[in-house]
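Let's walk through this model together, helix by helix, and then look at the space between the parts. Keep the 3D view open as you read.

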Amino acid sequence: MNESNKHKRPKYTLEFKQDAAKLVLENGYTQQQAADHLGISLSAIRRWVAAERKPTHKPDSTGKKTVLPLADQAELMRMRKEIEQLRMEREILKKAMVFFAKEAQ
């Protein structure tokens with residue numbers, strides 16, 4: 001499969017996702033109406049609505065992943081990127097330390 005045939009998933013802002021979920025949760029739209037109105041997939045709006053609903057405090061016995069609110073999902077993604085960058089920087093510093101230790105001898 002070449003690059004032009006791959007389906008790219010659209011990127012939506014946190015605010016867009018939250019506003020889309022509010023259409024269903026606060027404004028009385030059905031999920032299908034909101035998806036049609038915004039031109040997004042029904043599965044996307046379902047995920048966003050589930051993420052914005054108040055979580056129940058019952059343990060999930062079905063084995064499904066718990067859904068984080070959209071704001072927490074965005075923060076988690078940002079933090080994961082930052083952790084990866086910090087790990088790379090640490091590896092570079094380790095290599096530099098070994099290099100300079102050999103030079104000092």
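Start with a bit of vocabulary: angles under 35 degrees count as roughly parallel, over 145 as roughly antiparallel, 65 to 115 as roughly perpendicular, and the rest as oblique. Bear in mind, too, that what you're looking at is a predicted model.

Now take α1 and α2, which pack at an angle of about 135° with their axes 8 Å apart. That angle falls in none of the named ranges, so α1 and α2 are oblique to each other. The crossing of α1 past α2 is right-handed. On the α1 side, the contact is made by Phe 16, Ala 20, Leu 23 and Val 24, while α2 brings Gln 31, Ala 34, His 37 and Leu 38. Sorted by class, that gives 6 nonpolar and 2 polar residues, with no charged ones.

Move along the chain to the next pair. Helix α2 covers residues 31-38 and helix α3 covers residues 42-52, and the two pack at about 120° with their axes 9 Å apart. What does that make them, then: parallel or oblique? They are oblique to each other. Here again the crossing is a right-handed one, with α2 passing α3. If you zoom in, you'll find Gln 31, Gln 32, Ala 34 and Ala 35 of α2 meeting Leu 42, Ile 45, Arg 46 and Val 49 of α3. Those residues split into 5 nonpolar, 2 polar and 1 charged. Notice that Gln 31 and Ala 34 have already come up, in the contact of α2 with α1.

Next up is α3 with α4. Their axes come within 8 Å and cross at roughly 100°, so these helices are roughly perpendicular to each other. From α3, look for Trp 48, Ala 51 and Glu 52; they meet Leu 70, Ala 71 and Gln 73 in α4. By class, this contact has 4 nonpolar residues, 1 polar and 1 charged.

That leaves the empty space. The largest pocket has a volume of about 950 Å³. It is lined by 27 residues, and the closest to its centre are Arg 9, Lys 17, Trp 48, Gln 73 and Met 77. Two of those names should ring a bell: Trp 48 and Gln 73 also take part in the contact of α3 with α4. Which elements give two or more residues to the lining? They are α1 (14-25), α3 and α4 (70-104). Of these, α4 gives the most, with 8 residues. As for chemistry, the lining of this pocket has 13 nonpolar, 6 polar and 8 charged residues.

Key: Residues are numbered from 1 along each chain as its sequence is written. This is a predicted model: local features need pLDDT of at least 70, side-chain atom pairs count only at pLDDT 80 or more; totals for chains, interfaces and linings use all residues. Side-chain values use heavy atoms; hydrogens and water are left out. Axes are lines fitted to C-alpha atoms, for helices over the stretch in contact, and angles run from 0 to 180 degrees between N-to-C directions. Helices (H or I, at least four residues) and strands (E, at least two) are DSSP runs, numbered from the N terminus. A crossing is left-handed if the near helix is turned anticlockwise from the far one by less than a right angle, and right-handed if clockwise. Contact means heavy atoms within 4.5 Å. Ala, Val, Leu, Ile, Met, Phe, Trp, Tyr, Cys and Pro count as nonpolar, Asp, Glu, Lys and Arg as charged, and the others, Gly among them, as polar. On a 1 Å grid over the protein atoms alone, a cavity is a set of points where a 1.4 Å probe fits but cannot get out, and a pocket is an open set with protein on both sides within 12 Å along at least five of seven lines; lining residues have an atom within 4 Å of a point. Grid points are joined across faces, edges and corners, and a volume is the space filled by probe spheres set on the points.
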